[in-house]
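Here is a short tour of a structure, with a few stops that may be handy to have open in your viewer. Have a look at the sequence and the coordinates, and then read on.

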Amino acid sequence: MITTRRSFMAGAALAVVGNLHAFAKSVSPPSPFGALPSLRQLRWERMETNAFLHFTVNTFTGREWGEGDEDPSVFNPEGFDPDGIVSALRAGGMKGVILTCKHHDGFCLWPTKTTDHCIRKSKWKDGKGDVVRDIADAAGRHGLKFGVYCSPWDRNNANYGKPAYVETYRQQLTELLTWYGPVFEVWFDGANGGSGYYGGAKETRTIDKHTYYGWPETWGLVRKLQPEAIIFSDAGPDVRWVGNEKGLADETCWATYDPVGEDGGPASPGNILSSASMKGTRFGSHWMPAECDVSIRPGWFWHGQENDKVKTPEQLVDLYFKSAGRGATLLLNLPPDRQGQLSAQDVASLEGFHQRIERLFRDDLARGARLRASNVRGQEHRYGPQMLVDGNPDTYWATDDEIHTPELTLDFARPQKLNVVRLREAIQLGQRIGGVALDAWQDDAWREVAQATSIGNCRLLRLNETVETSRLRLRITDSAACVALSEFGVFLVQE
Ligand code: FUL
Ligand code: CA
């Protein structure tokens, strides 16, 4: 037994040496360029669509921002159906779910030890329930990742504005990050300070947005307790707010960013020059991709009078193109109602959205095409254009170091109708490409049919019209380093 094992090991070692030898002769991979994503950012960017659940006392009082003086007993979702909610999100293509565990009103949806202003004092399940546990567990059962929103601003807490509250806030985070298993994202809201109940004081309290929360320590706590979790805020550090609540990235949207405050000074949650966040910073020093948060309804919380104002599947597809399709991610809010369920309208719209997306990307016309590149790095197969159609974001077509504006041609076996092209950059090597143009072969000449600037994790090019052609050409018109493109897909949206 031992002998067999030894000879197997020796064989394996030889194989490795053989491979190393082959590797030494070949060209090196492209050097990474500029700011780079961490592994946790890379994984997160590839999720592309996540859901937000806004749920608290506001659901029952009809408000968007509770004052902090709400009676906890109003929270009573008698038909709470975590599996129904999460399975609908899964059917809608959502990869993760972020729950408002505590919104600005301070009411905690879990039995926290930090305050009585929580679910223990609600009527629901005689105060024995735990919404955070139920959603986290349901997410686990349905294969979604679980994330937490815990509002830094707390309009209920008597100590808000004093150092003692920051301690309480960190304890709340500690509970959320240690009681419920893995957390993929922690969402830090920028809405901070103002009027509130504050333990009965009923006054306005402002805080120094830069120093009050001790962000470096608070974020350090998240890193310590959940090293894999993405930290979101207006100013990162992992992911930035896109600067609007409409779910829109800019037509040009860099994953790199150098955030600045409203006054041009340092940025912090609640103090950000948000007009710059939609675009990011070309050659910025931090990898900090944008997240586009938006509600499926006008409000973040459920309001009966908005049941007929739910975004349509077509509107959601448009948002997908303008967020994920511009290299950002989409965080779509679906608010549970007073029963503790998603409304039928929201579920139908989400499902319609997902069906459209699935149908759109089902048949990739590039898969059957012949691909030719004007340059292939070291003329090596592993950097060849066939890597663009293998469905693997880790493999890529790359050019020699000095080649920044190569071309790629796709020949279809017969003329194809198409109107959407998807490009993915090998972002593990940084954001390199700054411009592309797409041409279709028509009437014996190339005709430009689309252009784009930033690519990043995903760029969806929507053609103005459906084109019928037997050849497509992608021109890289601007790249800061040799090109590394991981995927190229060609699709037809059937109207
Ligand atoms: C904002 C909050 O004030 C809204 O109520 C909501 O939670 C949204 C996602 O972020 O800053
Ligand atoms: Ca690939």
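## A buried threonine

T59 has a relative accessibility of 0%, and because buried means under 20%, T59 counts as buried. Keep in mind as you read that this is a predicted model. T59 belongs to helix α3, which runs over residues 58-61.

What surrounds T59 once its neighbours within four places in sequence are set aside? The contacts are H54, F301, W302, P336, D337 and R338. There is also a link to a residue close by in the chain: a polar atom of the T59 side chain is 2.9 Å from the backbone oxygen of T56.

## Around ligand 1

H54, one of the contacts of T59, also appears in the shell of ligand 1. The residues around this ligand are F52, H54, W65, H103, H104, Y149, W187, D189, A191, E245, D293 and W300. Sorted by class, the shell holds 6 nonpolar, 3 polar and 3 charged residues.

If you like to check polar distances, there are three to try. An N or O atom in the H54 side chain lies 2.7 Å from an oxygen atom of ligand 1. For H103, a polar side-chain atom is 2.9 Å from a ligand oxygen, and for E245 the distance from a side-chain N or O atom to an oxygen of the ligand is 3.4 Å. On its own, ligand 1 has 290 Å² of accessible area, and the protein covers 92% of that.

## Two sides of helix α7

Next comes helix α7, spanning residues 215-225, where W215, T218, W219, L221 and V222 are buried. How are these buried residues arranged when seen down the axis of α7? They fall within an arc of 145°, so they line one face of the helix. P216 and K224, on the other side of α7, are exposed.

And what do the buried residues of α7 pack against? Their partners are helix α6 (163-179) and the strands β4 (185-187) and β7 (230-233).

## A glycine in a loop

The last stop is G199, which sits in the loop between β5 (194-196) and β6 (203-205). Leaving out residues up to four places away in sequence, G199 touches N156, N157 and A158.

For a C-alpha check, try G199 and N159: 40 residues separate them in sequence, while their C-alpha atoms are 7.9 Å apart in space.

Key
Residues are numbered from 1 along each chain as its sequence is written. Chains are lettered from A and ligands numbered from 1 in the order in which they are written. This is a predicted model: local features need pLDDT of at least 70, side-chain atom pairs count only at pLDDT 80 or more; totals for chains, interfaces and linings use all residues. Side-chain values use heavy atoms; hydrogens and water are left out. A residue is near a molecule or strand if one of its heavy atoms lies within 4 Å of it. A polar contact is a pair of N or O atoms within 3.5 Å; within protein, one must be able to donate a hydrogen and the other to accept it, and residues adjacent in sequence count only if both atoms are side-chain atoms. Accessible areas come from the Shrake-Rupley method with a 1.4 Å probe; for residues, only the protein chains shown count as cover. Ala, Val, Leu, Ile, Met, Phe, Trp, Tyr, Cys and Pro count as nonpolar, Asp, Glu, Lys and Arg as charged, and the others, Gly among them, as polar. Buried means under 20% relative accessible area, exposed over 50%, partly exposed in between (1.4 Å probe, protein chains only). Helices (H or I, at least four residues) and strands (E, at least two) are DSSP runs, numbered from the N terminus. The arc is that of the directions from the helix axis to the C-beta atoms. Contact means heavy atoms within 4.5 Å.
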